[in-house]
Amino acid sequence: MPSTYYTKEHEWVKIEGNIATVGITDFAAHQLGDVTFVELPATGKSVKQFEVLCAIESVKAASDIYAPVSGKVVSVNEALETTPEIVNESAEAAAWMACLEMADSSEVNKLMSREQYDEFLKGL
Amino acid sequence: MQLIYEKSVPARRAVRMPSSDVPAAAMLPRELLRSEPADLPELSELDVVRHFTQLSRRNIGVDTTFYPLGSCTMKYNAKSLEDGARISAPFHPMIALLPGGESCAQGSLAMLHHMGELLAEITGMDEVTCQPLAGAHGEMTGIMLIAAYHRAKGNKKKYVIVPDSSHGTNPASAAMVGYEIVTIPTAPYGDMDLDAFRAALNDEVAAVMMTCPNTLGLFNPHIKEICDLAHSVDAMVYYDGANLNAILGQVRPGDVGFDVVHVNLHKTFGTPHGAGGPGSGPVGVKKALVPFLPMPRVIKRNDASFGVETGNPQSIGRTANFFGNFGVMAKAYAYILMLGREGLIDASEKAVLNANYVMARLKDLYEVPYDQTCMHECVFSAARQMQHDVHAIDIAKFLIDKGYHPPTVYFPLIVKEAIMIEPTETESKETLDEFIAVMREAAETAETDPAALKLAPLTTPVSRLDETKAAREQNVCFT
């Protein structure tokens, strides 16, 4: 059973085995407005939890995307390079950004569940 | 309006040159010659003059309209300052770099030296280099100086701390010099969260970069404490001078504890900006950093003559050719001398008064997320207008229709739907009142007819641009 977790920086991460798929939430995509560019991480890059994974640009702002868990980038969603608008259309599914090979599965304990994230959004 | 290439008519010429009687083609190596003629527009001189005059009439500037672009200090550039540049132009100090050239450039070297002294006096620093060519260039120079200082002392430093309200160039400059960036969030009172700062501060922190007043237009009451804390781990404190216009003659960054300062001459000292530039970003430092300043350095000798020091093994080297943008310095020098001490103090006070006046007259209609007495700029949020689906961008476009350059929108990033207004000291109460009336009209229209705001601007040569398409499909070639 895959399970999905969320960060305070509005990333989601879906865990399947030791593979973590990362993207930004619908809330984040809405806040950014029309996305114009996604700077994907390099395959093979290693990141620590909550460090910068890659970056995203919209008509309003450029923002960093942080790694919800530590790991090594094993694949990226290349479709975003030519069609960044997918992020606005389907932030939490089709617009996944990278898959990480997770280094430490216990790190998900520092993340939020959907319910906790929704609660967190209400407080913003 | 047609592009100049569209106006082109084959064989039409502005100037008919006599045919060359020099066999130039024979003298140039074949690989340097064009294989086909350059694709240049062909027009008469009058066509060209009309084209560019028409373009200039579509341009917006401080000379044509109120330009309250926050964080950019778009103050009026007095025409007399142009004279300063014109008079000094034939006396460029680069001649001092020729063997024996110093004696021919005493006047301009004296000006550069005095400019450094004036900026050092204004910022409370020990010495100033005028080389950097812009604010961000000054930032990078400043961080390079800090890095050189730490290297010389054998300090192992890894991080530069910036608040999340900082100008994007701050983290960018520090990253360019090789540091990792630590971002500190803003506390509810509108400044860097002190507890988070304390938690992030350690022996590996090379520098803390602060803008004071910050990009919310607020003066940080804890600034001295922040400087003291940074110094306790031998971290240098960097002052981003973007908002210096708020504090001229009121407080000096050096007195508060800052170690490095950059000054934007094109913001604070009345010289043109960006495309109207070039800019200039002198950097001031405290004594500990003086040995690392860029070369060549203008010095005053014991016999009161001026010279150029070029050899210093600890220097970070040259950051710009020929002492930086001398013409810009000449304008700013004229500005400082024209206003004098009292004038600069008065300029700051009026800049702050104007911003507070605008804030006070608009805060019943626009949300002020950090509601305090502001400095030289005030930051609103279009959050209330968002209830009618009107965004900061719509209000900005409406202002264009009313003849204004819009204020800064969507910055600082920590404010949702930010509208950042910096009137500067050079605007009269009448101008501010007219602008305030239009801002009030925009807020009213947001409630009564939000759709109308979505259509703006209607009075411009091109109406609302598809900014998303422009950013996604970056094809800027004319075909």
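How many bridges pair strand β6 (residues 52-58) of chain A with β7(A), and in which sense? The two strands pair over 5 bridges, in the antiparallel sense. The legends below visit this pair and several other places.

This is a predicted model, in which local features need pLDDT of at least 70, side-chain atom pairs count only at pLDDT 80 or more, and totals for chains, interfaces and linings use all residues. Residues are numbered from 1 along each chain as its sequence is written, while chains are lettered from A and ligands numbered from 1 in the order in which they are written.

**View 1. The open sheet of 3 strands in chain A has the order β4-β6-β7.**
Its pairing is antiparallel; two strands pair if DSSP finds at least two bridges between them. Helices (H or I, at least four residues) and strands (E, at least two) are DSSP runs, numbered from the N terminus. The edge strands are β4 (35-39) and β7 (62-66) of chain A, and each of them pairs on one side only. From one strand to the next, the twist averages 25 degrees, with axes taken as lines fitted to C-alpha atoms (for helices over the stretch in contact) and angles running from 0 to 180 degrees between N-to-C directions. To find one bridge, look for A:A55, whose partner in β7(A) is A:D64.

**View 2. Another open sheet of chain A has 6 strands, in the order β1-β2-β3-β9-β8-β5.**
Here too the pairing is antiparallel. At the edges stand β1 (3-6) and β5 (46-47) of chain A, each with a single partner strand, so one side of each has no neighbour in the sheet. The partner of β5(A) in an antiparallel pairing over 2 bridges is strand β8 (residues 71-76) of chain A. Within β8(A), A:G71 stands opposite A:V47.

**View 3. Two hairpins link β1(A) with β2(A) and β2(A) with β3(A).**
Begin with β1(A), which pairs in the antiparallel sense with strand β2 (residues 11-16) of chain A over 4 bridges. A:Y5 has A:V13 of β2(A) as its bridge partner. Between these two strands lie 4 residues, and A:H10 in the turn has a positive phi of about 70 degrees. Moving on, β2(A) runs antiparallel to strand β3 (residues 19-24) of chain A, and 6 bridges join them. One place to look is A:E11, whose bridge partner in β3(A) is A:I24. This hairpin has 2 residues between the strands, and A:G17 takes a positive phi near 65 degrees.

**View 4. Chain B contains 16 helices and 12 strands.**
The C-alpha trace of chain B spans about 75 × 70 × 45 Å along its principal axes. Its radius of gyration is 25 Å, which agrees with the value near 23 Å for a compact globule of 479 residues; the radius is taken over C-alpha atoms, and the globule rule is 2.2 Å times the number of residues to the power 0.38. Of the 479 residues, 43% count as buried. A residue is buried if 20 or more other C-beta atoms lie within 10 Å of its own, exposed if 12 or fewer, and partly exposed in between, with C-beta atoms placed from the backbone.

**View 5. Helix α8 (residues 223-232) of chain B has its buried residues on the same side.**
Which residues of α8(B) are buried? They are B:I223, B:I226, B:C227 and B:A230. These cover an arc of only 100 degrees around the axis, where the arc is that of the directions from the helix axis to the C-beta atoms. On the other side of α8(B), B:K224 and B:S232 are exposed. B:I223 has 22 other C-beta atoms within 10 Å, so it counts as buried. Not counting residues up to four places away in sequence, B:I223 touches B:M210, B:C212 and B:V256; contact means that the C-beta atoms, placed from the backbone, lie within 7 Å.

**View 6. Helix α13 (residues 392-401) of chain B is mostly covered.**
Of its 10 residues, 8 are buried, including B:I393, B:D394 and B:F398. Among the elements that cover them are α12 (383-386) and α14 (429-448) of chain B. Just after α13(B) comes B:G403, with a positive phi of about 90 degrees.

Terms used
Two residues are in contact if their C-beta atoms, placed from the backbone, lie within 7 Å.
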